[in-house]
Each structure stands twice: as C-alpha cells, then as structure tokens.
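Hi,

Here is the model I promised to pass on. Have a look at it first, and my notes follow underneath.

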Amino acid sequence: MVKNTLLEALGIEITYLEKGKVIATMPVDERTKQPMGLLHGGASVALAETVASVGAYELVDKETQAVAGLEINANHVRSATEGIVTAVGTILYQGKSTMVWDIKIHDEQDRLICVSRCTMAVMKLRK
C-alpha cells in the first residue's frame with residue numbers, strides 16, 4: 001500500500017496504530033529538507049496529513065466508506081536539520097461525515113517541531 005506513494009518518497013513509516021491514535025516517523029534528509037538545509041514545512045504537513053489519514057481510515061467501515069483530507073493547518077515552531085521526526089496523531093472529533101485530528105511532530109530530543117490540525121472527510125463509496 002505504501003509502494004510508489006508519497007510515503008515511500010519521503011521515507012514515512014507508520015510505527016504505531018490503534019483506533020484514535022497513530023504514530024509515524026520521517027527522516028530529515030535530502031528528501032525532506034528545503035534548500036537552506038531545514039526540514040521543509042511541506043514535508044511536515046505531508047507527515048501530519050498522513051497520520052490523520054491513516055488514523056481516520058482505521059475508524060471507518062472500509063467496505064462502505066473512504067476518507068480524504070478536507071483541511072489542514074500547521075504551525076512550524078522549531079526547525080530540524082537532521083535525524084528523525086515523529087508525529088503523534090490523536091482524534092479530537094469523530095462525526096458521521098468529518099473527523100478532526102490533532103498532530104504533534106517532535107524531534108529526537110522530544111522538542112516540538114510542528115503542531116497541526118487536520119479535518120478529514122468521511123465519504124460513502126459508490127458501488
């Protein structure tokens with residue numbers, strides 16, 4: 001499911017998954033840095049939305065429903081230049097047609113790098 005996706009391209013790995021909580025890691029390397037050598041904000045947002053998407057998918061009926069990102073925001077509060085960042089996503093709200101996820105990204109020293117909130121749409125699959 002990860003092959004030939006953004007997850008593979010950015011080195012994102014899901015390390016923990018339970019209903020309502022997802023943890024994933026991403027390297028800070030040539031794939032995820034901007035030209036100044038810092039973790040690219042877009043890479044952080046991609047990690048955050050990945051966590052929310054995986055978490056939301058785990059909460060729906062996979063036979064009749066799908067999920068997709070509806071809105072995401074992020075505050076980049078600290079830079080990272082190397083190592084691994086870890087995103088922890090937890091569900092804040094689960095409704096019939098939307099979910100809201102809180103995602104916090106930390107570096108290896110447990111310093112907050114980014115805080116994000118992602119709204120996921122829950123859609124009915126067409127048969």
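Ile-23 in strand S2 (21-27) stands opposite Val-88 in S4, strands here being DSSP runs of E with at least two residues, and helices runs of H or I with at least four, both numbered from the N terminus. S2 and S4 run antiparallel and are joined by seven bridges; two strands count as paired if DSSP finds at least two bridges between them. Val-88 also stands opposite Lys-104 in S5.

Before I go on, a word on the source: this is a predicted model, residues are numbered from 1 along each chain as its sequence is written, and side-chain values use heavy atoms, with hydrogens and water left out. Local features need pLDDT of at least 70 and side-chain atom pairs count only at pLDDT 80 or more, while totals for chains, interfaces and linings use all residues.

Now the rest of the sheet. Six strands make up an open sheet, in the order S1-S2-S4-S5-S6-S3, with antiparallel pairing. At the edges are strand S1 (13-18) and strand S3 (65-76), each of which pairs on one side only. On average, neighbouring strands of this sheet are turned by 20 degrees against each other, direction ignored; the axes behind that value are lines fitted to C-alpha atoms, for helices over the stretch in contact, and angles run from 0 to 180 degrees between N-to-C directions.

Two hairpins are worth a click. S4 and S5 form one with three residues between them, and they pair in the antiparallel sense over eight bridges. Gln-94 has Met-99 in S5 as its bridge partner, and Met-99 in turn stands opposite Met-120 in S6. The hairpin of S5 and S6 has five residues between the strands. Strand S5 (residues 98-106) and strand S6 (residues 112-124) are paired, again in the antiparallel sense, over nine bridges. Trp-101 has Cys-118 in S6 as its bridge partner.

Which residues have the most contacts inside the largest nonpolar core? They are Leu-47, Val-85 and Ile-103, in a core of 30 residues. A nonpolar core here is a set of buried Ala, Val, Leu, Ile, Met, Phe, Trp, Tyr and Cys residues joined through side-chain atoms within 4.5 Å. At least two residues of this core come from each of helix H1 (6-10), S2, helix H2 (41-59), strand S4 (84-94), S5 and S6. H2 supplies the largest share, eight residues. Ile-103 is in contact (heavy atoms within 4.5 Å) with residues including Ala-48, Val-51, Ala-52, Val-88 and Cys-118, leaving aside neighbours within four places in sequence.

A couple of threonines caught my eye. Thr-50 is in helix H2 and counts as buried because its relative accessibility is 10%; buried means under 20% relative accessible area, exposed over 50%, and partly exposed in between (1.4 Å probe, protein chains only). Not counting residues up to four places away in sequence, Thr-50 touches Leu-7, Ile-12 and Ile-14. Thr-32 lies in the loop between S2 and H2, and its relative accessibility of 1% is why Thr-32 counts as buried. With residues up to four places away in sequence again set aside, Thr-32 touches Leu-10, Met-26, Pro-27, Leu-38, Leu-39, His-40 and Ala-43. Thr-32 and Glu-13 are 19 residues apart in sequence and 14 Å apart in space, C-alpha to C-alpha.

If you go through the backbone angles, stop at two residues. Asn-4 is not a glycine, yet has a positive phi of about 60 degrees. Asn-4 is in the segment before H1 and counts as exposed because its relative accessibility is 70%. Asp-110, also no glycine, has a positive phi of about 65 degrees. Asp-110 lies in the loop between S5 and S6, and at 59% relative accessibility Asp-110 counts as exposed.

Last, the rings. The charged end of Lys-62 sits over the ring of Tyr-57, 5.0 Å from its centre; the criterion is NZ of Lys or CZ of Arg within 6 Å of the ring centre and within 35 degrees of the ring normal. How many aromatic pairs does the structure hold? Zero, where rings of Phe, Tyr and Trp (its six-membered ring) pair if their centres lie within 6.5 Å, with planes under 30 degrees apart counted as stacked, over 60 as edge-to-face and the rest as tilted.

Cheers
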